[in-house]
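Please go through the structure below as a series of questions and answers, beginning with the surroundings of the ligand.

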Amino acid sequence: MSDLRFDGRVVVVTGAGGGLGREYALLFAERGADVVVNDLGGSASGDGGGDVRPADLVVEEIRARGGSAVANHDSVEDGERIVRAAEAAFGRVDVVVNNAGILRDRSFARTSDADWDGVQRVHARGAFAVTRAAWPGMRARGYGRVVVTSSAAGLFGNFGQANYAAAKMALVGLSNTLAIEGAAYGICCNAVVPTAGSRLTRGVFPGELVDALKPEYVAPLVAYLCHESCEETGGVFEAGAGWIGKLRWERSQGRIVREKGKRMTPEAVRDSWEGITDMTSASHPSSIQESTATLVDVLEKINEGHTTSPGNAGDPSASGIAVATTTVEAAVSDVTVATATDDAAASDAAVATATDDAAAAVAKLRDAAIEPSVIRYTDRDVILYHLGIGCSVADAGSLKFLYEGSDDFSVVPTFSTTCCDLVAAFGAVGSAIEFDLSRFLHGEQYTEVYGALPTDATLITTYRIADVLDKTSGAAIVIVMETRDERGRKVALNQAVGFLIGAGGFGGPRTSREQVPTVAPPTGPPHDVVVERTSVDQAALYRLSGDRNPLHVDAAFAAAGGFARPILHGLCAYGYACRHVLRRYAGGDVARFRTMKARFARPVLPGQTLRTEMWRRGERVHLRCVVDETGEAALTGAYVDLVADDPGSGPTAKL
Ligand SMILES: CCCCCCC[C@@H](O)CC(=O)SCCNC(=O)CCNC(=O)[C@H](O)C(C)(C)COP(=O)(O)OP(=O)(O)OC[C@H]1O[C@@H](n2cnc3c(N)ncnc32)[C@H](O)[C@@H]1OP(=O)(O)O
């Protein structure tokens, strides 16, 4: 295997004037990176500053070895300045290694406000400030690597280091969340827990240990985590003395200590304590979904009449895992999920919305600026999308969508919906309204394209929240998304209506001038019908095209939203319907597509059969998709407008 190189990558290492940071900077430079060696030049306690020598000496060392580096002497609290300096020198930032830190060790009783704040500011706020400044560029380029430096003092506690330990655990939380938020943009973030002899550990470890724990035994881990070939994210790694290990959470099976209709008591907790703390058969939840999924089980058990009799409480298998809490607040992607889990009604996880200040939240939502997203895709993404919307080699007419070697390899126009970053839209909504993601459904979609979509492109989408409507049973959020190519030419316009079940009644408008209306189909039997069964894995496949909403794959998550099973993406059924129209009325020619509109009226389950009924009126094909197994209409008020027809093509001739 080839060496890990960083040629062309720009790396910022904070606190790189000595110790671990210096070692990181030297290693990155040796491997071809352009390195920004940041060091304020202060003392270990953060006092002083302004000594430019440590950073300058490291830069000299790098250059003397033929490497590329510049020094920067700003405080990490001025992260923006560090990143701007990096951009001025090298054009961008690909990698941020948050290493800068100070110590102000005191026993907790003697820790002053200044001791606390100083340490928090450099470690937690510093890492936040530098990473936040580099983040938009990483997102826009679809690539980034971030490392934060935590500590065993944080993971396990250490006498005299309450301030430092708290800051170091804050960094683990930061890293965990950046890993989630960065996932859609090719940004990976990990926390390292180094044990190395350095200025900061010199007073803590015995001298000979400090000398044996060389920074060079940690730097290769940081380099690997920051390499483009490494897709590890959200991990916590301990390293020292040439050893590296990964850490994770462990959770006991726990005990349910509450019975339906009865008050939960401290005595019940005491009586189950042995079981609560018994780590036999422990599990390792690695995400908020996994962590809270347990509660859905617990609530079911309580509702089914689980008893906390000693025998039951002592049997781990009787209770699954219980967490003694009344409210769980969970964040998924950018979104806050508020699940009220107390009491019997909790299995129907309630939505925390429509509060007194709903109007303020709506106003905030309207003003929410959603950053443009850049999507780079290739023929591979296009083929994956086509598989996701049911194209199959079993149908000869679909080969042009599945094989890049086909003469007429082309893109189904609804692919343009995948250039709209729903995670970004969720983020904007989630920052303004507290809601339950499992009850945020896709309500309607409109798509307009301005020519056949390229099979390989970089496209930029801008977002605008056009309206927030009060539909009584829910709130409807209308988002307009305009997609252009790198030269600024319009490629597609999409409009999505998101339906927040249970969030209505806030007194907002009911209708929107901007919302593209649905259109009822003509009366009478359809002119044509295509019946196609989806696969049980349809949503699992479709989500690889970008919308990784757990609602479509995670049974516990779907159950929290009141669904018996994960449901199919609305846009997956939308893609099926588009294909059906193109097949029947345009000879499969994507260039004939102009616009499409549909309402998602009922959920479709993966594995169900879609029956697309179509009526042709001029260049408009009205359609309705019915779930064959239930007879329920899933897509309603829908139509596809085609570019003027080639007379005689497809079923038009039959009309
Ligand atoms: C932000 C970006 C977009 C969001 C991204 C989403 C991410 C995806 O991962 C999520 C998904 O793909 S979810 C799967 C696809 N969607 C669905 O399955 C939803 C199915 N629809 C329903 O269940 C109901 O229509 C339901 C529950 C939506 C509404 O049903 P009811 O509450 O019974 O509503 P009803 O009483 O019939 O009507 C009340 C008013 O609301 C309007 N309305 C109804 N259905 C709507 C819908 N689907 N979209 C928009 N508006 C809708 C009605 O017209 C009525 O308003 P008015 O009286 O003013 O006409």
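Q: Which element gives the most residues to the shell around the ligand?
A: In this predicted model, the elements that give two or more residues to the shell around the ligand are helix H17 (422-432), strand E13 (440-449), strand E16 (490-501) and strand E18 (593-600). The one that gives the most, with five residues, is E13.

Q: How many residues surround the ligand, and how many of the shell are charged?
A: The ligand is surrounded by 27 residues, and the closest are Lys471, Ser473, Asp547, His552 and Phe600. Divided by kind, the residues of this shell comprise 13 that are nonpolar and eight that are polar, and the number that are charged is six.

Q: Which residue has a polar backbone atom 2.8 Å from a nitrogen atom of the ligand?
A: A polar contact requires a pair of N or O atoms within 3.5 Å, and a backbone N or O atom of Gly443 lies 3.0 Å from a nitrogen atom of the ligand. On the side-chain side, a polar atom of Asn549 is 3.1 Å from an oxygen atom of the ligand. The residue whose polar backbone atom is 2.8 Å from a ligand nitrogen atom is Phe600.

Q: What share of the accessible area that the ligand has on its own does the protein cover?
A: Polar contacts to the ligand include one from the side chain of Asn549, at 3.1 Å from a ligand oxygen atom. On its own, the ligand has 1,200 Å² of accessible area, and the share of this that the protein covers is 79%.

Q: Why does the largest nonpolar core lie between two domains, and which domains are they?
A: The largest nonpolar core has 55 residues, and those with the most contacts inside it are Val93, Ile465 and Ile477. The element that gives the most to this core is helix H4 (residues 113-141), with seven residues. The core lies between two domains because both give residues to it, namely domain 1 (10-247) and domain 3 (355-642).

Q: Where is Ser281, is it buried or exposed, and what is its phi?
A: Ser281 is placed in the loop between helix H10 (273-276) and helix H11 (288-303). Since exposed means over 50% relative accessible area, Ser281 counts as exposed at 51%. Its phi is a positive value in a residue other than glycine, near 55°.

Q: Where is Thr472, is it buried or exposed, and what is its phi?
A: Thr472 is found in the loop between strand E14 (457-470) and strand E15 (474-485). With a relative accessible area of 54%, Thr472 is exposed. The phi of Thr472, a residue other than glycine, is likewise positive, at a value near 65°.

Q: Is Lys400 buried or exposed, and how far apart in space are Lys400 and Ile383?
A: Lys400 has its place in helix H16 (residues 399-402). Because buried means under 20% relative accessible area, Lys400, at 14%, is buried. Lys400 and Ile383 are 17 residues apart in sequence, and their C-alpha to C-alpha separation is 9.6 Å.

Q: Is Gly588 buried or exposed, and what distance separates the C-alpha atoms of Gly588 and Val412?
A: Gly588 is found in the loop between helix H20 (570-585) and E18, and at 13% relative accessibility Gly588 counts as buried. Although Gly588 and Val412 are 176 residues apart along the chain, their C-alpha atoms are separated by 9.1 Å.

How values were computed
Residues numbered from 1 in each chain as written. Predicted model: local features only at pLDDT ≥ 70, side-chain atom pairs only at ≥ 80, totals over all residues. Heavy atoms only, no water. Near = heavy atom within 4 Å. Polar contact = N/O pair within 3.5 Å; in protein donor to acceptor, adjacent residues only side chain to side chain. Areas by Shrake-Rupley, 256 points an atom, 1.4 Å probe, with all protein chains shown as cover. Helix = DSSP H or I, 4+ residues; strand = E, 2+ residues; numbered from the N terminus. Nonpolar A, V, L, I, M, F, W, Y, C, P; charged D, E, K, R; others polar. Core = buried A, V, L, I, M, F, W, Y, C linked by side-chain atoms within 4.5 Å. Buried < 20%, exposed > 50% of the residue type's maximum accessible area, 1.4 Å probe, protein only. Domains from an automatic or database assignment.
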